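Dear colleague,

I am handing over the structure we spoke about, and you will find it directly below. My notes on what was found in it follow after that.

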Amino acid sequence: MLGRELGRDRVSKLQIYGIARTRAFRALWIAKELGLDYEHLPIEIGDAGARAPEFLGLNPNGRLPFIDDDGFVLFESLAITLYLAKKHSNGKLYPGTLEGEARTWQWSFWAIAEVDRGVNIWSLHAVRLPPAEREAAKRDEALKVLAAPFKVLDAAVAKQPYLVGDDFTVADLNVAAVISRAIDMDLSAVPNLKAWLTRCLARPAAREALALKAKADAETPAAVTRRIAKINRL
Ligand SMILES: N[C@@H](CCC(=O)N[C@@H](CS)C(=O)NCC(=O)O)C(=O)O
């Protein structure tokens, strides 16, 4: 049921919209990390899903994910993780100091700006598209683009176990979720990044969310993967 169809006199549980193959994975991971009671609505991309009128009414971008938290509707995957972490785990998963918060924003914006697109291009052309349709040139270019930012991340987690210090926070979740598909790359040039990513993705909450993603990946027809590559010019 859509959140907006519920009477506002009762509290509805958090709803996470988007099949786990998409960036909804990020929202699912934080919800599991926080132990939230939530409903997952695994809608697809496109006209039969996020671009259908009832969902455009919630997220006019027609993209996934978005959440409805008792009537508060939010899109942008990392805004969702930051919001939920701050709401439910301020001072723990969400750093409690001004500097810790700023460091979390820094890494989250960095992940979107520097590595999100490159990892997506690489994974489509290395893993997700049918082998005959993968373009080696796009895959190689993506690896070139990722090399410098991956070195930056590698250096950051060489000095300390996690991005904001000794403890795992939503900063780690955001960056690790954005580059999660890089776990299938040859990461031998960035061993600290590899160890940190492996550590983040081994968390019980991450494993549960990854299992949902793997199932959705396996069930995704090639036509949909082609559409993803085309829509996003990847
Ligand atoms: N910056 C947005 C990107 C959202 C996005 O592009 N989602 C993809 C799925 S991972 C999507 O819905 N694509 C289908 C489309 O654009 O029609 C976020 O992080 O939430």
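Asp 70 lies in the loop that runs between β3 and β4, the latter spanning residues 72–75. In this model, which is a predicted one, the phi angle of Asp 70 is near 55°, a positive value in a residue other than glycine. With a relative accessibility of 30%, Asp 70 falls between the cut-offs of 20% and 50% and therefore counts as partly exposed.

A second residue of this kind is Glu 76, which has a positive phi of about 80° although it is not a glycine, and which is placed in the loop between β4 and α3, the helix of residues 77–89. Glu 76 is also one of the residues around the ligand, and that brings me to the binding site.

The ligand sits in the largest pocket. The residues around the ligand are Thr 22, Arg 23, Arg 26, Ile 45, Arg 51, Gly 62, Arg 63, Leu 64, Pro 65, Glu 76, Ser 77 and Ile 231, and sorted by class this shell has 4 nonpolar, 3 polar and 5 charged residues. Which side chains place a polar atom at a short listed distance from an oxygen atom of the ligand? For Arg 51, a polar side-chain atom lies 2.9 Å from a ligand oxygen, while for Arg 63 the corresponding distance is 2.8 Å, and for Ser 77 an N or O atom of the side chain is 2.7 Å from an oxygen atom of the ligand. Taken on its own, the ligand has 520 Å² of accessible area, of which the protein covers 88%.

Two members of the ligand shell, Leu 64 and Pro 65, are joined by a cis peptide bond with an omega of about 5°. Pro 65 is found in the loop between α2, which covers residues 53–56, and β3, which covers residues 66–69.

Arg 26, which is likewise among the residues around the ligand, belongs to the buried part of helix α1. That helix runs from residue 24 to residue 33, and because 9 of its 10 residues are buried, it is largely enclosed by the rest of the structure. The buried residues of α1 are Ala 24, Phe 25, Arg 26, Ala 27, Leu 28, Trp 29, Ile 30, Ala 31 and Glu 33. Just after α1, Gly 35 takes a positive phi of about 65°.

Finally, here are three residues with their surroundings and one spacing each, in case you wish to find them in the viewer. Ala 52 lies in the loop between β2 (38–41) and α2, and at 8% relative accessibility, under the cut-off of 20%, Ala 52 counts as buried; its C-alpha atom is separated by 31 Å from that of Glu 114, 62 residues apart along the chain. Asp 116 is part of helix α4, residues 98–128, and also counts as buried, at 8% relative accessibility; the C-alpha atoms of Asp 116 and Ala 195, which are 79 residues apart along the chain, are separated by 19 Å. Val 152, in helix α5 (residues 136–159), counts as partly exposed at 43% relative accessibility, and Val 152 and Leu 193, which are 41 residues apart in sequence, are 9.2 Å apart in space from C-alpha to C-alpha.

With best regards

Conventions: Residues numbered from 1 in each chain as written. Predicted model: local features only at pLDDT ≥ 70, side-chain atom pairs only at ≥ 80, totals over all residues. Heavy atoms only, no water. Buried < 20%, exposed > 50% of the residue type's maximum accessible area, 1.4 Å probe, protein only. Helix = DSSP H or I, 4+ residues; strand = E, 2+ residues; numbered from the N terminus. Near = heavy atom within 4 Å. Polar contact = N/O pair within 3.5 Å; in protein donor to acceptor, adjacent residues only side chain to side chain. Areas by Shrake-Rupley, 256 points an atom, 1.4 Å probe, with all protein chains shown as cover. 1 Å grid on protein atoms, 1.4 Å probe; cavity = no way out; pocket = protein on both sides within 12 Å on 5 of 7 lines; lining within 4 Å. Sits in = over half its atoms within 2 Å of the grid points. Nonpolar A, V, L, I, M, F, W, Y, C, P; charged D, E, K, R; others polar.
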